[in-house]
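Me: Please take a close look at one strand and its pairing, and then place it in its wider setting. A connected account would be preferred to a list.

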Amino acid sequence: MLLHADHLTIKFGGLTAVKDLDMQLNKGELVGLIGPNGAGKTTAFNMITGVYAPTQGKVLLEDKDITGKKSPTAPGMRPDQITALGVARTFQNIRLFTNLSVLDNVIIAHHLHLKSSLMGAVLRLPGYRREEKEMREKAIQVLKAVGLEKLYKEEAGNLAYGQQRRLEIARALATNPKLLLLDEPAAGMNPQEGEELMQFIEAIRKDFDLTILMIEHDMKVVMGICERIYVLDHGETIAQGTPNEIQTNSRVIEAYLGVDASA
Amino acid sequence: MKKETKILAIIVTIGTIAFLFFANQFFDGYKIRIMNLAAINIILALGLNIINGFAGQFSLGHAGFMAIGAYTGALLTLSPSAKQMNFFIDPIISPLANFQMGFLPAIIIAALVTAVFAFMIGVPVLRLKGDYLAIASLGFSEIIRVVLTNLQSLTNGSLGLKAIPSYINLFWSWGFAFLAIIFTFFLINSSYGRAFKAIREDEVAAEAMGINLFKHKIMAFVIGSSMAGVGGALFASLLTAIDPNIFKFALTFQILLMVVLGGMGSISGTIVSATIVTIMMEWLRIVESPMTIGSLTIPGISGMRMVIFSVLLMAVILFYPKGFMGTREITWDFIQEKINRLRKKGKNETLQKDEV
Amino acid sequence: MGRGKLFCLYDIGLGDEKMTINFFMENLANGVSLGSLYALIAIGYTMVYGILRLINFAHGDLLMVAAYAVFFMIAAMVPWWIAAILAVVITAIVGVLIEKAAYRPLRNSPRISVLISAIGVSFLIENLGLVVFSGVPRAVYRPEIFDKSVSMGGITTSSLTFYIIGATVILLLALVYLLNKTKTGMAMRALAISFDTASLMAINVNRIVSFTFAIGSSLAAFGGIMWALKYPQINPLMGVFPGLKCFVAAVLGGIGNVTGAVIGGFILGIVEIMAIAIFPSLAGYRDAFAFIILILILLFKPTGIMGEKMTEKV
């Protein structure tokens, strides 16, 4: 088992945003996380990546406890430490470094693996120069994999929407993850782009040997490529199973279409 | 860096060095003083720009760190007899009393001492963001000043220190300014500098990319502040007399003005604006001193300079929020682009004239 | 250093308990009156922050504007109470103009830009003050009724102390009424929750923001006038430290919360006076107290005493 979200619950004041989420991902799987707006999907991502600390429960990555910190001095893992252990993510509302170049956006992801010290970097010692060169080469490779290598000099903020989505994925890939969390990668795309994205996700899963957990509203995308699906509604896990099982699950239909539809 | 830009940088450097030799020979003391001040301001503004512009942590504590550097530098370079003269109320604490060293080691120690204080202040303060960070760093800067005023036997309190050796000359000041420029350039264009910029752009995303926010913020803060320490030590040597009141928020304001004017996140912009602001600051003394036109004498208006500079700061932030350069640098391409635009403009104007 | 003085006080306490209590009460009264001024000024910070999420750096300088307005009008033979009322009106206008000129154009800009503009406008006012009024301190005329010495329950203090506390209570009650019982007050509270929703509810956002600045500035003006009566030497930079300290008071109480600002103001005033009364050797560090409190509160309870927790949305 690669990831085990072990009975996660998080409360904000009186509101329980996610209740008792128990999710297990096996190595190499592509799993979907769906649910209506406000179901707590992104909150679940934020708990897995350490942005939020769950009120109860633990997050285990290959049996190692990676649960986030409640406060800067509390025990637990910071998001950057979790990234270093091999969990990368994209964001629902694209969060690129908009004033930096496409290449810099990707190279930054290699910074966590940098061995050279600050002085070595400022003085451009041979060790740093070698590392910088390697980082560049790797970044170009990742950009090639997502088809953005020609735009490497461009400012990230100037890219088209679909390109920005792909750059965000490229940046996440560059951290060299075992587990990739995609937060609505197809949002704002037309059906054809969605189709291309599906193929792209399949391709990177193979090429980068990834396990992927994906939040997505586009049912065609989810049902098309996910092997298993978890369904959240109002913070509760109302169903899990294969796409076929989910499509026929009455609670899921209820959650999506409202109670009246099934009546 | 592009080849043309490199050549441009080398030409500018050689030109500046030649000018320094020329100035050293032919300029009077007043002009040399302004040039020293310009170099010091470049160091200070670059330091603040690393923190505020590149790492995006809006700190207002620069004057406090300058004060630490200035006092350290002054206390280490003052001769034992001068110290005795200064500290006539309370004698100076013993190990410092008979201690004197050269300018260079004093500056280096000033930088290190400032770095230690910056670290101790940065650890709590950099947990804060935005305007809270701004006000807390300003608060620490004021605390430093209050402490300096009260530690009679270490700093001579509000009387300040006088007869600080004036080691500074154009080669010291500009030598350190060059060092600061080169250091900042290599820092910002290294992997660490990229991490700073990523934090400025989006903290959440930077953290998700595996960047340890706290470590890098502290790094930027300590580096930028110790540059303030170096600037402060040079400043003390230029003034030859310092007291805690010099290091009020108004001083931070001046440096902030240079950074905002030049562009938060632009090295070359900062260099240019620090130089221009320094010269303007002196030149505008005209409005503060009495003027005689014929038989008419206009009294000088003291405080007018700062009015002009506050208006300038507000005008920039209201109408030109990115400053002259934004996050860009003056490169060969940048200059060409400007020239092309000017040419086009010229052409359009002639075309319009032709149409008429 | 402080220890010797503390023991000294302790000795007095043993010898003459009543004197210690009087000493304590006198200082407490003094602290409460300083706290009243802090509270009045802190309200302006907190109201503006609540609505615009902005530290109005120039708020402290309004003290100075009000104090000079009173000074010059009294010098021009205007009766002192008319001068005070006019000074409040002038300060309110200045406050509204500051918002219009320096903050409104930047409403959709990054917060740091607004902060820089706030610093700029604060410097502008201070230095304009230096240019127009000159840096020479001036003495404000103190009407006789404030100059009597009052004895109450064994403690003796200036009548001004009680007038300040009384005026503050009246002003606070008026503010509570305004915020909770009037339509404008409701609009102000709505704006503090959401700009967009408020404007959808047909609230004229600009007018309410202007009104908020007018109220905050008027309270600062009252604070400034009473400050000038309490410490009659005025100069163009007189507002800087009170301004910073009152911001601390607002943060201490929980910024955005009016009750919190009042509580914060009183705590700060009392702590400042009492700490120096008990440890006279700390007098030199007086101006650092507020900042130490600020840093402690920001680190350990950044939401302040009354503030609500906010979570950043990712």
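Reply: **Strand pairing in chain A**

A:T9 faces A:Q56, which belongs to β4(A). This is a predicted model, and the pairing is described as it appears there. The two strands concerned are β1 (residues 3-12) and β4 (residues 56-61) of chain A, which are antiparallel and share five bridges.

β1(A) also pairs with strand β2 (residues 15-25) of chain A, again in the antiparallel sense, through seven bridges. One of the bridge pairs joins A:F12 to A:L15 of β2(A). Together β1(A) and β2(A) make a hairpin in which two residues separate the strands. A:G13 lies in that turn and has a positive phi of about 60°. As a general matter, side chains in a regular strand alternate between the two faces of the sheet.

The next level is the domain. Chain A comprises domain 1, made of 3-86 + 177-262, and domain 2, made of 99-164. Their C-alpha centres are 28 Å apart. Contact between them involves eight residues of domain 1 of chain A and four residues of domain 2 of chain A. On the domain 1 side, α2 (79-84) and α7 (191-207) of chain A each contribute at least two residues. That side of domain 1 consists of three nonpolar, two polar and three charged residues.

Beyond its own domains, chain A meets chain B. This contact draws 28 residues from chain A and 23 residues from chain B. On the chain B side, at least two residues come from each of α9 (170-188), α10 (191-201) and α11 (203-208) of chain B. Of the elements there, α10(B) gives the most, namely seven residues. By character, the chain B side comprises 12 nonpolar, five polar and six charged residues.

Chain B also touches chain C, and here 33 residues of chain B and 32 residues of chain C take part. Two elements of chain C, α5 (111-133) and α12 (286-300), each give two or more residues to its side of this contact. The greatest share comes from α5(C), with 15 residues. The chain C side holds 24 nonpolar, six polar and two charged residues.

The interior may be considered next. The largest nonpolar core has 280 residues, and the members that touch the most others are B:I43, C:A66, C:A67, C:V70, C:I225 and C:V248. Helix α12 (residues 213-239) of chain B is its greatest contributor, with 15 residues. Both domain 1 (3-86 + 177-262) and domain 2 (99-164) of chain A supply residues to this core, and it therefore lies between them. One of the core members, C:V70, touches C:A83, C:A84, C:A87, C:V140, C:I225 and C:A228, when residues up to four places away in sequence are left out. In soluble globular proteins generally, nonpolar side chains tend to be buried together.

Finally, the confidence of the prediction should be stated. The scores of the model are ipTM 0.91 and pTM 0.91. In chain C the average pLDDT is 85, and 91% of the residues reach at least 70. Helix α4 (residues 80-103) of chain C has the highest mean among the elements of that chain, 95, whereas helix α1 (residues 2-15) of chain C has the lowest, 42. Residues 1-15 of chain C remain under 50 in pLDDT, and the model gives them 13 contacts beyond four places in sequence.

Methods: Residues are numbered from 1 along each chain as its sequence is written. Chains are lettered from A and ligands numbered from 1 in the order in which they are written. This is a predicted model: local features need pLDDT of at least 70, side-chain atom pairs count only at pLDDT 80 or more; totals for chains, interfaces and linings use all residues. Two residues are in contact if their C-beta atoms, placed from the backbone, lie within 7 Å. Helices (H or I, at least four residues) and strands (E, at least two) are DSSP runs, numbered from the N terminus. Ala, Val, Leu, Ile, Met, Phe, Trp, Tyr, Cys and Pro count as nonpolar, Asp, Glu, Lys and Arg as charged, and the others, Gly among them, as polar. pLDDT is the predictor's confidence in each residue, from 0 to 100. A nonpolar core is a set of buried Ala, Val, Leu, Ile, Met, Phe, Trp, Tyr and Cys residues joined through C-beta atoms within 7 Å. A residue is buried if 20 or more other C-beta atoms lie within 10 Å of its own, exposed if 12 or fewer, and partly exposed in between; C-beta atoms are placed from the backbone. Domain bounds come from an automatic or database domain assignment. Two strands pair if DSSP finds at least two bridges between them.
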